[in-house]
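Please open the model in your viewer and keep the sequence panel visible. The tour below proposes a series of selections and describes what each one contains.

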Amino acid sequence: VIRTRAKCYASLGMHKETSKDIDWLMSHDSSWEACEEAIVNYLVLKDTTQAIGLLEKFLEPNPINFAPHLKMIELCISTKNWSQAKIKIDKISPFINTRYYFIQEQAQLNYYRGMIALYNEKNPKEAIAKFDAALKTNPQNLEAKYHRAKAFLLSGQQKKALTAYEE
């Protein structure tokens, strides 16, 4: 009931009420699913600061759960906090890259690396390589396809950009 009410409050823009329900929920359910739902509610309210704070609080006792780390990187990138995104990627990469069963997570990290290379480092060539690596594992990643095409365009490869946009 509290989860549903928090969603309703968030969709109505009722920040104080949403926060109160999220606080109660997190004090009674410490699962990643509950935390992720609470983060979504904060994002509906366009409150990335609260979302990131909640995520950091969740990660303290759960450092080996990779899903929250990937969500944190996603939030850093969405807020254009490139340096923090890069730090977080570097922090979890050794754990993900050494385990063959984390293939989707590796693809997601390559996508994030491509975003940093394209938008922060202004290096479309590097971005294309990272997006290619992400698409090799997950060819259905539409965001990677879009940003790869944009990287082609920014690197002066208009024909490749057009082909990539049409894929």
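The stops run from the whole chain to helix pairs, then to single residues and loops.

**Before starting**

This is a predicted model, in which local features need pLDDT of at least 70, side-chain atom pairs count only at pLDDT 80 or more, and totals for chains, interfaces and linings use all residues. Residues are numbered from 1 along each chain as its sequence is written, and side-chain values use heavy atoms, with hydrogens and water left out.

**Stop 1: the whole chain**

Display the C-alpha trace, which spans about 55 × 35 × 25 Å along its principal axes. Colouring by secondary structure shows 10 helices and 0 strands; helices (H or I, at least four residues) and strands (E, at least two) are DSSP runs, numbered from the N terminus. Of the 167 residues in the chain, 41% are buried. Here buried means under 20% relative accessible area, exposed over 50% and partly exposed in between, with a 1.4 Å probe and protein chains only. Contact means heavy atoms within 4.5 Å. Among the contacts with a separation of 6 or more, 41% join residues 24 or more positions apart.

**Stop 2: the nonpolar core**

Which residues have the most contacts inside the largest nonpolar core? Select Ile39, Leu54, Ile73, Leu109 and Tyr112; the core to which they belong has 49 residues. A nonpolar core is a set of buried Ala, Val, Leu, Ile, Met, Phe, Trp, Tyr and Cys residues joined through side-chain atoms within 4.5 Å. Centre the view on Ile73: leaving out residues up to four places away in sequence, Ile73 touches Ala85, Lys88, Ile89, Ile92, Leu109 and Tyr112. Two of these partners, Leu109 and Tyr112, are also on the list of core residues with the most contacts.

**Stop 3: α2 against α3**

Select α2 (residues 15-28) and α3 (32-44). Their axes come within 10 Å and cross at roughly 170°. Axes are lines fitted to C-alpha atoms, for helices over the stretch in contact, and angles run from 0 to 180 degrees between N-to-C directions. The crossing angle makes α2 roughly antiparallel to α3; angles under 35 degrees count as roughly parallel, over 145 as roughly antiparallel, 65 to 115 as roughly perpendicular and the rest as oblique. Thr18, Ser19, Ile22, Asp23, Leu25 and Met26 of α2 make the contact with Ala34, Cys35, Ala38, Asn41 and Tyr42 of α3. By class, these residues are 7 nonpolar, 3 polar and 1 charged. For this division, Ala, Val, Leu, Ile, Met, Phe, Trp, Tyr, Cys and Pro count as nonpolar, Asp, Glu, Lys and Arg as charged, and the others, Gly among them, as polar.

Now zoom in on Met26, which counts as buried at 19% relative accessibility. Beyond four places in sequence, Met26 touches Ala34, Cys35, Ala38 and Leu54. Met26 and Leu54 lie 28 residues apart in sequence, with a C-alpha to C-alpha distance of 9.3 Å.

**Stop 4: α7 and two partners**

Select α7 (residues 103-120) together with α8 (residues 124-137); the two pack at an angle of about 160°, with axes 8 Å apart. They are therefore roughly antiparallel. The residues of this contact comprise 11 nonpolar, 4 polar and 3 charged. Among those to show as sticks are Tyr111, Met115 and Leu118 of α7, and Phe131 of α8.

Next, replace α8 with α9 (residues 142-154), whose axis comes within 11 Å of that of α7 and crosses at roughly 30°. α7 and α9 are therefore roughly parallel. Tyr111, Met115, Leu118 and Tyr119 of α7 meet Glu143, Ala144, His147, Lys150, Ala151 and Leu154 of α9. This contact divides into 7 nonpolar, 1 polar and 2 charged residues.

**Stop 5: a histidine and two loop lysines**

Is His69 buried or exposed? His69 lies in α5 (residues 66-78) and counts as buried at 10% relative accessibility. Outside its neighbours within four places in sequence, His69 contacts Leu59, Pro63 and Ile92.

Finish with two loops. Lys46 sits between α3 and α4 (48-59), has a positive phi near 60° and is exposed at 73% relative accessibility. Lys80 sits between α5 and α6 (82-97), has a positive phi of about 60° and is exposed, with a relative accessible area of 60%.
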